[in-house]
Amino acid sequence: MTGLTGCLLVSSLLFSIGLAGALTRRNAILVLAGIELMLNAANINFIAFWHFGPHSGAATGILFGLFSIAVAAAEAAVGLALILAVYRHTKSTDVSQQL
Amino acid sequence: MNAWFVVLAGITIVGAAAAMMLRSLVHCALALALAFTGIGTLYLYLGAQFLGLAQLLVYVGAIAVLIVFVILLTRGTDDGPPIKVPTALSGILVAVALFGVLAWAILHSHVPSLAVSEGTTVSVRDLGTQLMTDYILPLEIVGVMLTAALIGAVIVAMKEKQNTQ
C-alpha cells in the first residue's frame, strides 16, 4: 500500500463520515458541518495527488486547495446566516420538521 | 505510510466521527475543530506548509468558532429527540455503501508508481508570485466572491424591519 492509497482511503472515509452525518443528523448546523467535512475530504485528495504526483515542484495543487478553502469559507458563512434566518422564523434548527 | 501518517489520520477520523455522533452540539463543534486540526496537520505532513497553516487559520480559527456562535445564538445546545431508526439506518447504509465502492475502486485501480520527488517544496514566495501572475484572474474572482458572500450573509442574517403601517 503506497502513501497515495492511504491518503485516498482516509479521505474517502472522511467523506463517508460527513455524508452519514449530513443524512442522519436533525440539526441544520450539524448537516452543514457534515458538508464541510466532505469538502475537506476532497481537499485532501488535491494535496495527496499534488504531493505524490510527478510535478510536486509546481504549485498547482496547493493553489487549487487554496481556492477551494476560500469557496468553502464563503459557503459556511452564507449557510450559517441562512440557518440563523430560518431559526428566526421557525424558532428551530430541526431540518426534519415541516415548516 | 509511516507511524506519523497513521496517528494524524486516526486523530482526523476520530474527530470527524465524534463530531457526527455526539449528542451535545457544543461537543460536536469541538470535535469538529479537532478534525479540522488533524486535516491541517495532514497538509503539513504532506509538505504543503502554507495550506496547512491556512487550514488552521480558516477552519479552526474562523469556521469552528462561527459554528459555536451559531449554536449559542440558536440556543440549540442539545439535539432534539433521536431520529427514527429506519431513517438513520438508511443514511448510514448509504454512507457505508459509498465508502465500500470508493475503497474498492481505490484498492483495485492501477496507480502507476510515481516517482515521488522528495524534499521539493513550494515556498510562499513561489505561491505569491504565481497568484499574482498566472492565477490573477481566479484570485480576483475569489475576492469578488468572498465580498459578495460576506455582504449576502450580513443581509440574510440581518434583523428584518417590522412593517409598521
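At what angle do H3(A) and H3(B) pack, and how far apart are their axes? In this predicted model, the angle between H3(A) and H3(B) is about 5°, and their axes lie 11 Å apart. H3(A) is therefore roughly parallel to H3(B), since angles under 35 degrees count as roughly parallel. On the side of H3(A), the contact involves Ile62(A), Gly65(A), Leu66(A), Ile69(A), Ala72(A), Ala73(A), Ala76(A), Ala77(A), Leu80(A), Ile83(A), Leu84(A) and Tyr87(A). On the side of H3(B), the contact involves Phe50(B), Leu51(B), Ala54(B), Gln55(B), Val58(B), Tyr59(B), Ile63(B), Leu66(B), Ile67(B), Val70(B) and Leu73(B). By residue class, the contact of H3(A) with H3(B) comprises 21 nonpolar residues, two polar residues and no charged residues.

The predictor assigns the complex an ipTM of 0.91 and a pTM of 0.89. For chain B, the average pLDDT is 86, and 85% of the residues score at least 70. Where pLDDT is low, predicted coordinates should not be read in detail.

Chain B contains six helices and zero strands, and its pattern along the sequence is α-α-α-α-α-α. Of its 165 residues, 30% count as buried. Among the contacts in chain B with a separation of 6 or more, 56% are between residues 24 or more positions apart.

Within chain B, helix H2 (residues 25-45) and helix H3 (residues 49-73) pack at an angle of about 175°, and 8 Å separates their axes. H2(B) is therefore roughly antiparallel to H3(B), since the term applies to angles over 145 degrees. H2(B) contributes Leu25(B), Val26(B), Ala29(B), Leu32(B), Ala33(B), Phe36(B), Thr37(B), Ile39(B), Gly40(B), Tyr43(B) and Leu44(B) to this contact. The residues that they meet in H3(B) include Leu51(B), Leu56(B), Tyr59(B), Val60(B), Ala64(B), Ile67(B), Val68(B) and Ile71(B). The contact of H2(B) with H3(B) is made up of 18 nonpolar, five polar and no charged residues.

In soluble globular proteins, nonpolar side chains tend to be buried together. The largest nonpolar core of the model has 63 residues, and Leu51(B) and Ile67(B) have the most contacts inside it. At least two residues of this core come from each of helix H1 (3-24), helix H2 (28-51) and helix H3 (60-90) of chain A. The same holds for helix H1 (3-21), H2, H3, helix H4 (85-108) and helix H5 (124-132) of chain B. Apart from residues up to four places away in sequence, Ile67(B) touches Ile29(A) and Leu80(A) in chain A, together with Ala29(B) and Leu32(B) in chain B.

Individual residues illustrate the surroundings in more detail. Ala48(B) lies in the loop between H2 and H3 of chain B. Its relative accessible area is 0%, so Ala48(B) is buried. When neighbours within four places in sequence are left aside, Ala48(B) is in contact with Ile47(A), Trp50(A), Ile62(A) and Tyr43(B). Ala48(B) and Val122(B) are 74 residues apart in sequence, with a C-alpha to C-alpha distance of 7.5 Å.

Two consecutive positions in helix H1 of chain B were also examined, namely Ala18(B) and Ala19(B). Ala18(B) is partly exposed, with a relative accessible area of 21%, whereas Ala19(B) is buried at 0% relative accessibility. The cut-off explains the assignment, because buried means under 20% relative accessible area. Outside its neighbours within four places in sequence, Ala19(B) is in contact with Arg25(A) and Leu30(A), and also with Cys28(B), Ala31(B) and Leu32(B). The C-alpha atoms of Ala18(B) and Leu34(B), 16 residues apart along the chain, are separated by 9.5 Å. For Ala19(B) and Leu137(B), 118 residues apart along the chain, the C-alpha separation is 37 Å.

In chain A, Thr5(A) is located in helix H1. Its relative accessible area is 11%, so Thr5(A) is buried. With neighbours within four places in sequence set aside, Thr5(A) is in contact with Ile106(B) and Leu107(B).

Note on methods
Residues are numbered from 1 along each chain as its sequence is written. Chains are lettered from A and ligands numbered from 1 in the order in which they are written. This is a predicted model: local features need pLDDT of at least 70, side-chain atom pairs count only at pLDDT 80 or more; totals for chains, interfaces and linings use all residues. Side-chain values use heavy atoms; hydrogens and water are left out. Axes are lines fitted to C-alpha atoms, for helices over the stretch in contact, and angles run from 0 to 180 degrees between N-to-C directions. Helices (H or I, at least four residues) and strands (E, at least two) are DSSP runs, numbered from the N terminus. Angles under 35 degrees count as roughly parallel, over 145 as roughly antiparallel, 65 to 115 as roughly perpendicular and the rest as oblique. Contact means heavy atoms within 4.5 Å. Ala, Val, Leu, Ile, Met, Phe, Trp, Tyr, Cys and Pro count as nonpolar, Asp, Glu, Lys and Arg as charged, and the others, Gly among them, as polar. A nonpolar core is a set of buried Ala, Val, Leu, Ile, Met, Phe, Trp, Tyr and Cys residues joined through side-chain atoms within 4.5 Å. Buried means under 20% relative accessible area, exposed over 50%, partly exposed in between (1.4 Å probe, protein chains only). pLDDT is the predictor's confidence in each residue, from 0 to 100.
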